[in-house]
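Subject: Structure handover

Hi,

Here is the structure I promised you. Please open it first, then read my notes below.

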Amino acid sequence: MATIETSTKPSTVSTTRVKKTRVHEESLLPNSGKGGGGFWLYLIPGFVLLTVIVVIPLIWNIYLSFTSYRGIKPPKFIGLDNWVELMGDAKFWTSFGNSIAMIVAMVIVPTLLGLVLAAMLFDLVGKKFGGRVASFLRATYYLPQILPVAIAAVVIGWILRPDNGALNDVLSAVGLGGLQHNWLGSPDTALLSIMFVMVWVQLGYPVVIFMAALQRVDPELYEAAELDGANWFQRFRSITVTIIRPEIFVVTLTSTIAALKVFGPIYTLTRGGPGTATIVPSYYSYSEFFQSQQVGYGATIATALTIVTIVVAVFFIKVQNRAERAESGR
């Protein structure tokens with residue numbers, strides 16, 4: 001019987017090449033063994049930028065909050081005088097009250113609407129009209145997010161203009177001329193108008209995030225629930241909300257931080273007016289810095305806003321961690 005010999009040279013050569021390639025790739029990586037700190041080299045540029053752009057200005061701002069400084073003469077240390085004044089400043093508390101309104105307009109309403117819209121686009125529109133229609137509608141909702149603040153302010157200002165604004169013209173054309181109003185110039189409607197604008201601007205963000213999160217939901221779950229007789233709202237409550245809960249926490253946290261430090265729309269549309277009807281802490285701090293030239297007091301407002309933002313962020317993270325532990329313990 002003849003013996004068939006199989007050559008192993010090609011396999012040996014191939015294995016050798018693979019080993020050489022791996023050795024070459026490993027030689028390009030920093031040493032991660034004992035005494036190897038090569039990976040830290042890649043973090044140095046980020047740490048430098050963080051220090052220069054965030055840490056140093058933050059420390060300087062905190063220091064200025066304990067001084068009397070008008071931007072010309074050297075800062076004069078006055079202890080807690082700025083903070084005592086801040087606690088009794090009615091304008092400051094009004095600005096934080098308006099921040100609560102911004103949280104309603106930028107967090108609560110857009111998150112709830114975005115959750116429902118994302119579920120409808122994914123579960124209803126996507127099935128009946130196809131993924132392209134759902135993607136087009138998603139992009140439509142997200143469009144205000146990519147508009148520059150200045151351009152959006154020009155458009156909104158034209159719509160809400162009291163004399164020949166588009167909204168008042170439409171009301172007059174449909175026989176509702178009695179409802180015409182100076183929407184941004186009246187203390188009664190200025191804040192509500194800004195809130196409406198912020199809902200329009202912010203709505204696309206949760207829609208995009210939630211639709212991306214829904215991509216990891218197994219369609220068989222919806223099909224099984226539908227076969228069991230569950231309607232859309234039952235599927236939405238039991239499947240959608242439960243699975244994308246981490247994304248809901250992320251959207252809520254980031255949107256809350258954005259609402260606390262909102263500045264652009266206030267600056268471009270109302271400048272905090274009329275009076276203090278739409279003033280927020282960030283714009284109040286800006287006005288004290290650059291208009292009143294009370295740099296120390298403006299730094300105090302900015303520091304207080306930073307503290308509130310950090311507290312809110314820590315609170316959200318703890319709530320999320322507690323919810324995740326409760327979910328994993330089931």
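Contact here means heavy atoms within 4.5 Å. On that basis, take contacts between residues at least 6 apart in sequence: 65% of them join residues at least 24 apart.

Please bear in mind that this is a predicted model.

**Overall make-up and confidence**

The protein has 15 helices and two strands. Of its 330 residues, 35% are buried. Mean pLDDT is 85, and 88% of residues reach 70 or more. Helix α3 (residues 81-87) has the highest confidence, at 95. Helix α1 (residues 9-28) has the lowest, at a mean of 49.

Two stretches need care. Residues 1-14 have pLDDT below 50, and the stretch makes zero contacts in the model beyond near neighbours in sequence. Residues 23-29 are also below 50, again with zero contacts beyond near neighbours in sequence. Where pLDDT is low, predicted coordinates should not be read in detail.

**Helix α9 and what packs on it**

Helix α9 covers residues 204-214 and is mostly covered: eight of its 11 residues are buried. Those buried residues are G204, Y205, P206, V207, F210, M211, A213 and L214. They pack against six helices: α4 (90-129), α5 (131-146), α8 (190-202), α10 (219-227), α11 (232-243) and α12 (245-260).

I248 sits in helix α12. Its contacts, leaving aside neighbours within four places in sequence, are L115, F210 and V241. F210 is one of the buried residues of α9. Does I248 count as buried or exposed? Its relative accessible area is 17%. The cut-off for buried is under 20%, so I248 is buried. Look also at I248 and Q320: they are 72 residues apart along the chain, yet their C-alpha atoms are separated by 9.8 Å.

**The largest pocket**

The largest pocket holds about 310 Å³ of space. Its lining has 21 residues, and V149, M198, V201, V262 and P265 lie nearest its centre. Four elements give two or more residues to that lining: α5, α6 (149-159), α8 and α13 (264-269). By type, the lining divides into 16 nonpolar residues, four polar and one charged.

V149 is worth a closer look. It is in helix α6. Its relative accessible area is 43%, which makes V149 partly exposed. Outside the four nearest places in sequence, V149 is in contact with G264, P265 and T268. P265 is itself among the residues nearest the pocket centre. V149 and F263 are 114 residues apart in sequence, but 9.9 Å apart in space, C-alpha to C-alpha.

**Two buried polar side chains**

T303 is in helix α15 (residues 295-328). It is buried, at a relative accessible area of 6%. Which side chain makes a polar contact with that of T303? It is N61, at 2.7 Å. Not counting residues up to four places away in sequence, T303 touches N61, I62, S65 and W83.

S99 is in helix α4. At 1% relative accessibility, S99 counts as buried. Its contacts, setting aside neighbours within four places in sequence, are L260, V280 and P281.

**Backbone points to check**

Most residues other than glycine have a negative phi, and most peptide bonds are trans. Three places depart from that pattern.

- The peptide bond from G273 to P274 is cis, with omega near -5 degrees. P274 lies in the loop between α13 and α14 (281-291).
- R271 is not a glycine, but has a positive phi of about 55 degrees. R271 is also found in the loop between α13 and α14. At 47% relative accessibility, R271 is partly exposed.
- Q293 is not a glycine either, and has a positive phi of about 60 degrees. Its place is the loop between α14 and α15. Q293 is partly exposed, with a relative accessible area of 39%.

Best wishes

Terms used
Residues numbered from 1 in each chain as written. Predicted model: local features only at pLDDT ≥ 70, side-chain atom pairs only at ≥ 80, totals over all residues. Heavy atoms only, no water. Buried < 20%, exposed > 50% of the residue type's maximum accessible area, 1.4 Å probe, protein only. Polar contact = N/O pair within 3.5 Å; in protein donor to acceptor, adjacent residues only side chain to side chain. pLDDT = per-residue confidence, 0-100. 1 Å grid on protein atoms, 1.4 Å probe; cavity = no way out; pocket = protein on both sides within 12 Å on 5 of 7 lines; lining within 4 Å. Points joined across faces, edges and corners; volume = space filled by probe spheres on them. Nonpolar A, V, L, I, M, F, W, Y, C, P; charged D, E, K, R; others polar.
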